[in-house]
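Dear colleague,

I am handing over the structure we spoke about, and below it you will find my notes. Please look through the model first and then read on.

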Amino acid sequence: MGLQRYEVVIVGAGVTGAALAYVLARYSDVQSIAVLEKEGRAAALNSAASQNSQTLHCGDLETNYTLDKAAEVRRAAGMVLRYVEVTGEGGILQRMPKMVLAVGEAEVELLRGRFEPLRTLFPDLRLLDTAGVAAVEPEVGRPGGRLRREPLMALARPPTPCAADFGALTVSLLRQAQHLHPRLDLRLNCRVQAIEPAPSAHRLRLPDGVIEARCVAVCAGAHSLAFAHALGHGRRYAILPVAGSFYHAPLKVRGKVYTVQDARLPFAAIHADPDITQPQRMRLGPTALAVPFLERRRWASVPQFLRMLRVNADVAATFAHVLGQPHLRRYALRNLLYELPLLGVRAFVREARKILPDLRVVELRYAHGHGGLRPQLLDLEARRLHFGPAKIAVADGLLFNITPSPGATSCLANAVEDAAGITAQLGRRLRQEEIERDLMGP
Ligand SMILES: Cc1cc2nc3c(=O)[nH]c(=O)nc-3n(C[C@H](O)[C@H](O)[C@H](O)COP(=O)(O)OP(=O)(O)OC[C@H]3O[C@@H](n4cnc5c(N)ncnc54)[C@H](O)[C@@H]3O)c2cc1C
């Protein structure tokens with residue numbers, strides 16, 4: 001293969017890379033784009049429907065969000081809704097009811113406090129008592145035909161398109177992008193081995209040669225930080241990979257039932273919902289287990305993770321500080337327990353019964369092969385967990401997206417931000433007014 005040149009190369013065909021390809025193809029005059037993916041298909045890792053919670057988060061039920069954060073996430077989710085509407089693409093979103101359930105006085109008070117402020121953003125939000133919960137989700141509010149006796153309340157929304165197949169979204173975004181742009185190459189089975197500086201460009205080493213790009217957007221999940229480190233960027237961060245597993249059970253809920261989140265943790269508490277890929281089943285989870293992998297269930301990624309970690313005094317001190325916090329230690333140990341054969345399901349059912357009090361151990365099956373990996377960032381300077389998504393943008397046309405949850409929901413919002421930086425760098429135009437009309441309209 002001779003030396004090929006592109007204006008933009010995107011590394012990774014998950015939902016982040018696919019959304020960026022779409023926004024550049026649809027709304028910019030960038031001349032040439034390549035999307036490089038090491039697997040044989042798009043959305044092979046965290047963006048596949050089986051690997052995440054299939055929730056288009058919109059800020060209404062996430063009890064750890066401030067009002068500003070809720071508004072930001074609602075706007076990002078709205079862009080996905082608009083994309084589906086404008087393109088008419090099917091098979092991506094499903095409509096179902098959703099609620100966040102408070103169990104016990106403290107949680108009930110928390111929901112009461114959030115209700116009025118949140119209604120300014122979500123006018124159809126309702127505060128449900130036990131009977132109200134039972135009317136929407138009988139097995140949650142009225143297990144065995146009797147109303148639950150403990151203090152119970154829920155913030156609930158009527159059926160909305162809140163269940164998303166982000167794998168289907170990824171495929172759709174790429175299909176649209178290829179259709180719209182005559183010089184967009186999607187190369188599968190194409191692992192980027194290294195990114196190196198070149199005069200006024202960046203050189204990417206591939207299995208079958210070398211290509212050059214003026215701008216490179218690395219959208220490779222946890223691998224993004226490894227590329228950044230190799231180029232001397234983002235050294236402030238390390239990754240704590242956190243695997244999320246699910247349990248399957250016969251379907252007992254009509255929609256998404258979330259539980260109140262511990263605001264000190266970066267992950268949503270467990271929830272129950274219909275598995276959109278297997279409608280007769282529900283999934284419960286995800287759990288959160290720290291693992292030394294860059295990719296779930298791939299042992300080959302362990303050495304990559306260890307190389308990237310480069311254990312030194314800062315890394316050791318940050319791990320010690322994070323695990324020194326009793327609530328994080330307890331959380332980590334509890335989640336470790338959930339993964340153990342035989343014992344795990346017995347421990348997990350106790351947590352799941354907060355949602356479904358009548359759930360039995362025999363009904364739960366560990367969902368093998370389900371659940372991906374959240375690249376949780378550790379801030380080595382502040383010696384703490386870094387909350388929220390992370391982007392490392394470098395002035396010379398390099399950017400690295402490391403996208404934990406709700407990264408899939410934010411894919412288009414993130415892509416618009418990245419596309420603005422890339423087009424500015426290239427001296428190209430991004431048609432913001434069309435983006436606003438199409439993706440941010442009513
Ligand atoms: C358990 C769990 C639950 C979640 N729930 C939700 C949810 O309900 N809602 C939500 O919005 N988000 C959720 N998320 C987060 C969401 O899944 C991710 O933020 C999103 O899928 C990230 O997409 P991505 O494209 O950045 O990464 P990925 O989907 O991981 O894609 C990265 C791609 O880069 C490729 N790649 C890596 N290295 C190379 C290389 N060297 N060369 C070429 N290609 C490479 C990989 O093969 C992969 O295809 C959840 C995540 C987990 C783990």
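What follows is an account of the domains and of the nonpolar cores.

Please keep in mind that this is a predicted model. The domain assignment divides the protein chain into domain 1, made up of 1–54 + 165–244 + 288–338 + 371–442, and domain 2, made up of 89–163 + 249–284 + 343–367. Taken over C-alpha atoms, the centres of domain 1 and domain 2 are separated by 31 Å.

Where the domains meet, 18 residues of domain 1 are in contact with 17 residues of domain 2. On the domain 1 side, helix H6 (166–180) and helix H10 (326–338) each supply at least two of the touching residues, and H10 gives the largest share, with four residues. By type, this side of domain 1 consists of nine nonpolar residues, eight polar and one charged.

Turning to the interior, the largest nonpolar core holds 96 residues, of which Val 8, Val 9, Ala 21, Ile 33 and Leu 412 touch the most other members. Helix H1 (residues 15–27) contributes the most to this core, namely 10 residues. Because domain 1 and domain 2 both give residues to this core, it lies between them.

If neighbours within four places in sequence are left aside, Leu 412 is in contact with Ala 19, Val 23, Met 79, Val 80, Tyr 83 and Leu 439. There is also a second, separate core of 38 residues, which includes Leu 111, Leu 152, Tyr 258 and Ala 269.

With best wishes

Definitions and conventions: Residues numbered from 1 in each chain as written. Predicted model: local features only at pLDDT ≥ 70, side-chain atom pairs only at ≥ 80, totals over all residues. Domains from an automatic or database assignment. Contact = placed C-beta atoms within 7 Å. Nonpolar A, V, L, I, M, F, W, Y, C, P; charged D, E, K, R; others polar. Core = buried A, V, L, I, M, F, W, Y, C linked by C-beta atoms within 7 Å. Buried ≥ 20, exposed ≤ 12 C-beta atoms within 10 Å, placed from the backbone.
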